[in-house]
Amino acid sequence: MDGLTAFFISAVMIMLNGAVLGLMHRDLPQSLQASAFSWRVGTLLQAGGCVLLAVQRSLPTAWVMPLAHGMLLLGITGYWQALRQFYGFANTYVIGLPFLIGSFGMVWLSAIDPSRTGRILLAAGCWSVIVTGCIVTLASRRASDSANSRRVLMGVFIAVALMIMASGLVFGLPGAIRALLGNAGWINLIAPLIA
């Protein structure tokens, strides 16, 4: 399986997850519906971003990369917002800063001063901040409970954080693997599947 196939499989799985969440929404208690909505929107944005990354070779880099990464960043921010809503944290616009910085930076590094390495390192940095926010929210005193689901979700976010760091190193450093979608290495298959 190549990276392109892995991105398409990820997109389909993410879309199915979003569809199931949509079907269950009305059955959820009213107190959970806001966080479930944020999670579902985040999930669908992630799927859209994966589709755009999968077809990036067929579209102009100057607009597909900012749009794809913007959708991915906003999607993971939706997860962070959902966790904050679920545990009763106050709304804050601060959690949107990595999305804004990443989106504007991606426009710059795609259309104005193109840099593949810069795009990868920027995306990895912004994702790291958001995923760390998710982990911190799940590990907070307010969220401390005996639910196994919280610990499993924290483990998933830790795995994503480790994958982001590995991807940043594999693709972002000088002399790195050149093709994100090719068969150049194990990271091409693992990254979209973990995402």
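This tour goes through a predicted model, beginning with the whole chain and ending at a patch on its surface.

**Whole protein.** Display the cartoon and colour it from the N terminus on. The elements run α-α-α-α-α-α-α, which gives seven helices and zero strands. Switch to a surface next. The protein exposes about 10,100 Å², and carbon and sulfur atoms supply 71% of that area. Of the 195 residues, 47% are buried. For contacts between residues at least 6 apart in sequence, 67% join residues at least 24 apart.

**Helix α3.** Select residues 61–86. This helix has 26 residues. From the first C-alpha of α3 to the last, the distance is 37 Å, close to the 38 Å expected at 1.5 Å a residue. Now move to Gly88, just after α3, where phi is positive at about 80°.

**Helix α1 and the nonpolar patch.** Select residues 3–24 for helix α1, then show side chains for Ile9, Val12, Met13, Met15, Leu16 and Leu44. Together these residues make a nonpolar surface patch of about 540 Å². Which helix gives the largest share of the nonpolar patch? Helix α1 does, with five residues. In general, an α-helix has 3.6 residues a turn, so residues three or four places apart point the same way.

**Val12.** Finish by centring on Val12, which lies in helix α1 and is one of the patch residues. Is Val12 buried, partly exposed or exposed? Val12 counts as partly exposed because its relative accessible area is 44%, between the 20% and 50% cut-offs.

Terms used
Residues numbered from 1 in each chain as written. Predicted model: local features only at pLDDT ≥ 70, side-chain atom pairs only at ≥ 80, totals over all residues. Heavy atoms only, no water. Patch = residues over 30% accessible without salt bridge, like charges linked within 9 Å, V, L, I, M, F, W, Y side chains within 5 Å. Areas by Shrake-Rupley, 256 points an atom, 1.4 Å probe, with all protein chains shown as cover. Salt bridge = Lys/Arg side-chain N within 4 Å of Asp/Glu carboxyl O. Helix = DSSP H or I, 4+ residues; strand = E, 2+ residues; numbered from the N terminus. Buried < 20%, exposed > 50% of the residue type's maximum accessible area, 1.4 Å probe, protein only. Expected span 1.5 Å × (residues − 1). Contact = heavy atoms within 4.5 Å.
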